Amino acid sequence: MQNVFLFLSVGLVAINLILMEFMQNTIEKEERIKIAVLTEQNQKNRIADYQDREEIYER
């Protein structure tokens, strides 16, 4: 009986560790995606700003 509880305890700990690793990887991927989106938005804003300045200069 004790062996069963020990086996279940070890199994649950292993499952928890695997889930924690999976969650951390998911969070890191989400952060990289957010950074990529913000970088792209920043680049688009800079291009738009440059085009606005170029248009003003041409007038």
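Which residue's side chain meets that of Asp49 in a salt bridge? In this model, which is predicted, the partner is Arg53, with an N to O distance of 3.1 Å. Arg53 and Asp49 are 4 residues apart in helix H1, and so are separated by about one helical turn. Arg53 counts as exposed because its relative accessibility is 58%, a value over the 50% that marks exposed residues, whereas Asp49 is partly exposed, with a relative accessible area of 35%.

**Overall form**

The secondary structure of the protein comes to 1 helix and 0 strands. The radius of gyration is 26 Å, well over the 10 Å that the globule rule gives for 59 residues, so the protein is more spread out than a compact globule. The extents of the C-alpha trace along its principal axes can be set beside that value, for they come to about 85 × 5 × 5 Å. Buried residues make up 0% of the 59 residues, where buried means a relative accessible area under 20%. The accessible surface of the protein comes to about 6,200 Å², and 62% of this surface belongs to carbon and sulfur atoms.

**Salt bridges**

Side chains of opposite charge can pair when their charged atoms come close. The structure holds 3 salt bridges, which are set out below with the N to O distance and the relative accessibility of each partner.

| Positive partner | Negative partner | N to O distance |
|---|---|---|
| Lys44 (52%) | Glu40 (42%) | 3.3 Å |
| Arg53 (58%) | Asp49 (35%) | 3.1 Å |
| Arg59 (74%) | Glu55 (42%) | 2.6 Å |

Lys44 and Glu40 both lie in helix H1, 4 residues apart, which corresponds to about one turn of the helix. Lys44 is exposed, since its relative accessible area is 52%, while Glu40, at 42%, is partly exposed. In the pair formed by Arg59 and Glu55, the side chains meet with N and O 2.6 Å apart; Arg59 counts as exposed at 74% relative accessibility, and Glu55 is partly exposed at 42%.

**Charged surface**

Glu21, Glu28, Glu30 and Glu31 form a negative surface patch. One of these residues, Glu21, lies in helix H1 and counts as partly exposed, because its relative accessibility is 46%. For the protein taken as a whole, the mean position of the 7 positive charges and that of the 10 negative charges are 2 Å apart.

**Nonpolar surface**

Which residues form a nonpolar patch on the surface? The members are Met1, Val4, Phe5, Phe7 and Leu8, and together they have about 610 Å² of accessible area. Met1 lies in the segment before helix H1, a helix that covers residues 2-58. Met1 counts as exposed because its relative accessibility is 73%, and this value also satisfies the condition of over 30% relative accessible area that applies to patch residues.

Notes
Residues are numbered from 1 along each chain as its sequence is written. This is a predicted model: local features need pLDDT of at least 70, side-chain atom pairs count only at pLDDT 80 or more; totals for chains, interfaces and linings use all residues. Side-chain values use heavy atoms; hydrogens and water are left out. Patches are made of residues with over 30% relative accessible area and no salt bridge: like charges are joined within 9 Å, nonpolar side chains (Val, Leu, Ile, Met, Phe, Trp, Tyr) within 5 Å. Accessible areas come from the Shrake-Rupley method with a 1.4 Å probe; for residues, only the protein chains shown count as cover. A salt bridge is a side-chain nitrogen of Lys or Arg within 4 Å of a carboxyl oxygen of Asp or Glu. Helices (H or I, at least four residues) and strands (E, at least two) are DSSP runs, numbered from the N terminus. Buried means under 20% relative accessible area, exposed over 50%, partly exposed in between (1.4 Å probe, protein chains only). Lys and Arg count as positive and Asp and Glu as negative; His and the chain ends are not counted. The place of a charge is taken as NZ of Lys, CZ of Arg, CG of Asp or CD of Glu. The radius of gyration is taken over C-alpha atoms; the globule rule is 2.2 Å times the number of residues to the power 0.38.
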